[in-house]
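I opened this one fresh today and kept notes as I went along. Here they are, in the order I looked things up.

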Amino acid sequence: MNTILNVTDLSKNFGRLTAVDTLSFRIEKGNVYGILGPNGSGKSTTLGMILNVVNPTSGTFSWFDGTENTHQALKRVGAIIERPNFYPYMTAAQNLRLVCRIKEVPQAKIDEKLALVDLLDRKNDKFKTYSLGMKQRLAIASALLNDPEILILDEPTNGLDPQGIAQVRGIIQKIATQGTTILLASHLLDEVEKVCSHVLVLQKGKQIYFGKVTALTTDHGYFELNATDIEALQSTLNAMQSIETTELRGGYILAYPNTELSAAALSKSLAAEGIVLTHLAQKHKSLEEQFLTLTQNQQA
Amino acid sequence: MKRLFLIEFDKLRANRSSRILIGAYFILLTSIALIAAIKFDIGPIKFHLAEQGIFNFPYIWHFNAFIGAWFKIFLAVVIVSMTANEYSNKTLKQNLIDGLSKREFLHSKWVMIFAFAGISTLFIFVVSLILGLMYSNYTEISIILKDFEYLLAYFVKHVVFFAFCLFLGTAIKRSAFALGFLGVWQMFEGFCYGMLKWKSPSWVDAEQVFRLFPLNAMSNLIPEPFTRLSAVRNLASQVEVEVIKNTNVQFWDIVIVLVWTFIFYSLTYRLLKRRDL
């Protein structure tokens with residue numbers, strides 16, 4: 001009962017181009033999912049298919065354990081795709097009322113959601129008079145009208161100024177802390193790293209990783225070191241069994257362990273060799289570095 | 001049904017140009033009444049159009065249905081632009097994401113088609129009834145109730161025409177081009193008629209084939225009413241031209257346009273269903 005979306009072998013061809021290639025993943029209630037991938041990797045096409053606007057070439061997906069057909073299920077979903085699409089000649093309140101009619105939810109929440117995104121004082125202004133940041137915030141208000149069980153966001157901060165980005169991120173984080181399931185597509189890695197618990201990595205339409213963000217980022221990490229005698233440090237490290245490789249970068253030695261190795265243990269064994277450390281830091285690869293490693297492995 | 005109507009009504013009501021066009025349409029429909037005011041009074045020549053029998057029951061149903069149908073292009077522009085705008089504003093995509101099915105979207109447009117055709121028919125009925133009661137020489141109930149098939153033809157003619165426009169708006173996605181195409185199509189039908197008359201083998205009845213073309217079938221629904229007018233008939237008999245034209249609503253013409261209505265509906269749905277947004 002906790003499965004919100006189940007995708008099996010979903011593919012989409014545009015002519016000879018395969019935009020999405022046999023994707024399979026499952027979205028469970030309560031998690032925050034990210035879809036990562038460079039531009040043109042099939043993120044929007046994937047979302048388009050599960051949102052009923054792009055016809056899949058093959059494969060299936062089912063919402064809420066397949067108990068409802070897609071358009072009924074979408075009434076329980078909130079989604080924002082790329083650019084905010086509203087009727088330019090209608091006011092914010094009129095646009096939201098139309099969404100309420102489509103989703104068959106009461107209109108009582110319009111003001112509440114407009115207040116949440118800080119647009120209540122502009123509710124009777126026409127959509128075409130809005131700035132891009134305001135349009136994006138209105139789209140969020142619209143997606144939240146039905147208190148959705150899952151919120152789907154496609155590049156929600158695209159094209160916004162830093163202030164707008166901060167506002168939109170703040171809103172997303174607020175929603176995530178309330179326990180709403182979120183599916184966020186983005187090519188901005190730090191955005192995904194900040195809010196997501198799970199990640200789906202796409203490249204050229206292929207799924208190259210699906211799982212927890214922590215599983216992707218926790219490898220053995222690496223150490224950044226410096227000592228009074230940097231050459232002796234490097235040769236000592238190279239001689240150690242638990243160290244795979246070392247490199248000199250930016251005045252520091254970077255040491256990559258091949259097993260679980262604590263900073264304390266490393267410091268102790270180095271001291272035993274007579275090395276006096278002036279700097280020791282244990283580091284993990286960021287999602288960005290992991291992502292680049294993943295995509296490069298695929299290309300190789 | 002009510003939900004679909006309210007969705008479409010909200011979209012229409014907020015759109016200023018649609019409001020203006022719809023307003024202009026009904027003002028023009030009412031202006032048929034102004035024909036009654038055509039009056040010449042130059043010395044010995046006294047001519048009052050309203051007294052020439054054009055407002056007599058049951059002829060008035062035919063006359064007003066024929067004239068009133070000319071103005072439907074105003075509503076056609078509204079339908080085409082409201083449909084094309086759903087594509088250019090990408091609001092069709094948003095509607096689908098919000099949980100409207102493609103079938104429901106199409107039906108919300110069809111509710112508008114039926115509403116336009118129905119209100120227009122009701123309006124022409126009321127205008128004709130009032131004009132008739134004012135100017136007709138006969139106001140017996142049995143005569144008033146005659147020839148109602150022209151109102152039925154009027155309704156069907158509007159539905160099929162709007163269905164054609166909805167299809168063009170969906171297919172072409174640009175209102176100006178869709179309306180332009182409507183004009184081109186009209187010329188194309190004329191061209192086909194010419195070719196049929198000129199080139200078709202003797203066993204093909206050009207008139208009967210031409211009857212199947214959509215715009216021609218629509219215009220056949222309500223034949224021109226003028227040759228029915230006694231004044232015109234008198235004139236014709238004086239110059240010894242026999243008027244044998246059939247000016248009734250033909251059953252087969254209704255069938256032909258109903259088939260077209262179904263074709264336009266199905267093609268529009270197919271387009272909606274197949275296209276990626």
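Before counting anything, I fixed my burial terms: a residue is buried if 20 or more other C-beta atoms lie within 10 Å of its own, exposed if 12 or fewer, and partly exposed in between, with C-beta atoms placed from the backbone. On that basis, 35% of the 277 residues of chain B count as buried.

A note on the ground rules. This is a predicted model, where local features need pLDDT of at least 70, side-chain atom pairs count only at pLDDT 80 or more, and totals for chains, interfaces and linings use all residues. Residues are numbered from 1 along each chain as its sequence is written, while chains are lettered from A and ligands numbered from 1 in the order in which they are written.

**Entry: the two chains**

I took helices (H or I, at least four residues) and strands (E, at least two) as DSSP runs, numbered from the N terminus. Chain B has 13 helices and 2 strands, and its C-alpha trace spans about 70 × 50 × 35 Å along the principal axes. For chain A I found 11 helices and 13 strands, with C-alpha atoms filling a box of roughly 75 × 45 × 35 Å along the principal axes. Chain A has 300 residues, and 40% of them are buried.

Then I looked at contacts, where two residues qualify if their C-beta atoms, placed from the backbone, lie within 7 Å. In chain B, I took contacts between residues at least 6 apart in sequence, and 83% of them join residues at least 24 apart. In chain A, residues 24 or more positions apart account for 68% of the contacts with a separation of 6 or more.

**Entry: where A meets B**

How many residues does each chain bring to the contact? I get 23 from chain A and 23 from chain B. On the chain A side, helix H3 (residues 92–103) gives the largest share, 7 residues.

I sorted by class: Ala, Val, Leu, Ile, Met, Phe, Trp, Tyr, Cys and Pro count as nonpolar, Asp, Glu, Lys and Arg as charged, and the others, Gly among them, as polar. The chain A side then divides into 14 nonpolar, 5 polar and 4 charged residues.

**Entry: the cores**

By a nonpolar core I mean a set of buried Ala, Val, Leu, Ile, Met, Phe, Trp, Tyr and Cys residues joined through C-beta atoms within 7 Å. Which residues touch the most other members of the largest one? They are Ile182(A) and Leu184(A), in a core of 76 residues. Helix H5 (residues 132–144) of chain A gives the most to this core, 7 residues.

I followed Ile182(A) outwards, skipping residues up to four places away in sequence, and its partners include Val32(A), Tyr33(A), Leu151(A) and Ile172(A). There is also a second, separate core of 54 residues, with Met82(B), Val160(B), Ile222(B) and Val249(B) among them.

**Entry: Val159(B)**

I picked Val159(B), which is found in helix H8 (residues 149–172) of chain B. Why does Val159(B) count as buried? Because 21 other C-beta atoms lie within 10 Å. Leaving aside neighbours within four places in sequence, Val159(B) is in contact with Ile113(B), Phe114(B), Ala117(B) and Thr261(B). Val159(B) and Phe114(B) are 45 residues apart in sequence, yet 6.5 Å apart in space, C-alpha to C-alpha.

**Entry: backbone oddities**

Most residues other than glycine have a negative phi, and most peptide bonds are trans. I noted some exceptions here.

- A cis peptide bond joins Phe57(B) and Pro58(B), with omega about -5 degrees. Pro58(B) lies in the loop between strand E2 (45–48) and helix H3 (59–68) of chain B.
- Asp9(A) is not a glycine, but has a positive phi of about 50 degrees. Asp9(A) sits in strand E1 (residues 3–14) of chain A, and counts as partly exposed because it has 13 C-beta neighbours inside 10 Å.
- Asp147(B), also not a glycine, has a positive phi of about 65 degrees. I found Asp147(B) in the loop between helix H7 (141–144) and H8 of chain B. With 17 C-beta neighbours inside 10 Å, Asp147(B) counts as partly exposed.
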